[in-house]
Amino acid sequence: MDRDFFTERDSEAVVISRSGPKAEPRVKEIVDSLVRHLHAVVKEPEPTLDEWLAAISFLTRTGKLCTDWRQEFILLSDVLGISMLVETINNRKTSGETESTVLGPFHVAGAPHYDNGANICRDGKGTPLFVSGRVLDTEDKPIAGASLDVWQANDDGFYDVQQKGTQPDNNLRGIFTSDRDGRFHFRSAYPHYYPIPADGTAGDLLRALDRDQYRPAHIHFIVSAPGFRPVTTHLFTPDCPWLKKDAVFGVKQSLIADFRKSNDAVLAKALGVTAPFYEVAWDFILGRA
Ligand code: BEZ
Ligand code: FE
């Protein structure tokens, strides 16, 4: 096959054959695959020149939306299911470890450290929630001194960093440490579902595809301990109407927890909350590094 000149039939082979002997192997592997798939994408629906230009303009707008605190390309990757695929491929679980899911844009490094039992809900909104559990290895042995970095949206469906000046700083986020028996507990508010930021190109795409913008109610966790592989994950509530329609495909069946509602005023007092309240008990399982 003559690869000196471009032909429609051999377009991808012509492009791939141009790289030289000093090409970086991993870059070549990935770009060759990208070229094969992108050429196939063009050959299938055969976009017009205007449609191709619209795609370039869409990506240009996506880039222009990115700032130090907004990453529209990651959001695009999220709504296309790419973030979840990369996350899942890189964290295949073989021995019962807690499954991972997307990090999302609202994690803040350096959240306050709290003792077990602290209440991270600083705006007083929502139904009180008591969260407890253990951090364990894959042989069910407790991991003492594990760090649990926790964050969630408030009862109005916004993270503190989306409403600076409206919500108290560090509302609904904090870092806890498991005790000598691997146990942790804290107080919070029952999480609420919320729309992902939809005022950019990711939102435009969702609307063009007649897709929903919501993430089902969840609490984020990054659980880590020396000598173990950290896990970035969520706990999902079981009753959320958006559980099967997550805009970023972050729900895994194993992460849907048994949040129980209680009207027991005596128990509420003992746990430091007011009735009615929710309670969830959850163990995180970490694999060895
Ligand atoms: C989040 O859960 O915080 C999130 C994840 C992906 C996109 C937007 C938000
Ligand atoms: Fe979230």
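**Salt bridges, a covered helix and a buried aspartate**

The side chains of Asp32 and Lys28 are joined by a salt bridge, with 2.7 Å from N to O. The model in which this pair occurs is a predicted one. Because Asp32 and Lys28 are four residues apart in helix α2, about one helical turn separates them. In general, an α-helix has 3.6 residues a turn, so residues three or four places apart point the same way. The two partners differ in their cover: Asp32 is buried, at a relative accessible area of 13%, whereas Lys28, at 26%, counts as partly exposed.

The structure holds 15 salt bridges. Another of them is formed by Glu12 and Lys43, whose closest N and O atoms are 3.1 Å apart. This pair connects distant parts of the chain, since Glu12 belongs to helix α1 (residues 11–17) and Lys43 to helix α2 (residues 25–43), 31 residues apart. Here too the acidic partner is the buried one: Glu12 has a relative accessible area of 18% and counts as buried because the limit is under 20%. Lys43, with 33% relative accessibility, is partly exposed.

A further salt bridge brings together the side chains of Asp160 and Arg173, at 2.6 Å from N to O. This pair also links distant parts of the chain: Asp160 is in the loop between β2 and β3 (173–177), Arg173 is in strand β3, and their positions lie 13 residues apart in the numbering. Both Asp160 and Arg173 are buried. Elsewhere, salt bridges with shared partners join Arg61, Asp204 and Arg207 into one network.

Arg173 also enters the description of a second buried aspartate. Asp149 lies in strand β2 (residues 147–151). Which side chain of opposite charge is nearest to Asp149? That side chain is Arg173, 6.3 Å away, and Asp149 is buried without a salt bridge. The distance explains the absence, because a salt bridge requires a side-chain nitrogen of Lys or Arg within 4 Å of a carboxyl oxygen. The side chain of Asp149 does make a polar contact, at 2.9 Å, with the side chain of His107. Leaving aside residues up to four places away in sequence, Asp149 touches His107, Ala111, Gly174, Ile175, His220, Phe221 and Ile222.

The next element to consider is helix α4 (residues 72–79), which is mostly covered, with six of its eight residues buried. These buried residues are Glu72, Leu75, Leu76, Ser77, Asp78 and Val79. What do they pack against? Their packing partners are α3, α5 (82–90) and α6 (201–208). At the N-terminal end, α4 is capped by Gln71, a side-chain oxygen of which lies 3.0 Å from the backbone nitrogen of Phe73. After α4 comes Gly81, with a positive phi near 80°.

Helix α3, one of the packing partners of α4, spans residues 49–65 and includes Leu53. On the surface, Leu53 joins Leu49, Trp52 and Ile56 in a nonpolar patch, and together these residues have about 450 Å² of accessible area. Leu53 itself has a relative accessible area of 48% and is therefore partly exposed.

Conventions
Residues are numbered from 1 along each chain as its sequence is written. Chains are lettered from A and ligands numbered from 1 in the order in which they are written. This is a predicted model: local features need pLDDT of at least 70, side-chain atom pairs count only at pLDDT 80 or more; totals for chains, interfaces and linings use all residues. Side-chain values use heavy atoms; hydrogens and water are left out. Helices (H or I, at least four residues) and strands (E, at least two) are DSSP runs, numbered from the N terminus. Buried means under 20% relative accessible area, exposed over 50%, partly exposed in between (1.4 Å probe, protein chains only). Lys and Arg count as positive and Asp and Glu as negative; His and the chain ends are not counted. A polar contact is a pair of N or O atoms within 3.5 Å; within protein, one must be able to donate a hydrogen and the other to accept it, and residues adjacent in sequence count only if both atoms are side-chain atoms. Contact means heavy atoms within 4.5 Å. Patches are made of residues with over 30% relative accessible area and no salt bridge: like charges are joined within 9 Å, nonpolar side chains (Val, Leu, Ile, Met, Phe, Trp, Tyr) within 5 Å. Accessible areas come from the Shrake-Rupley method with a 1.4 Å probe; for residues, only the protein chains shown count as cover.
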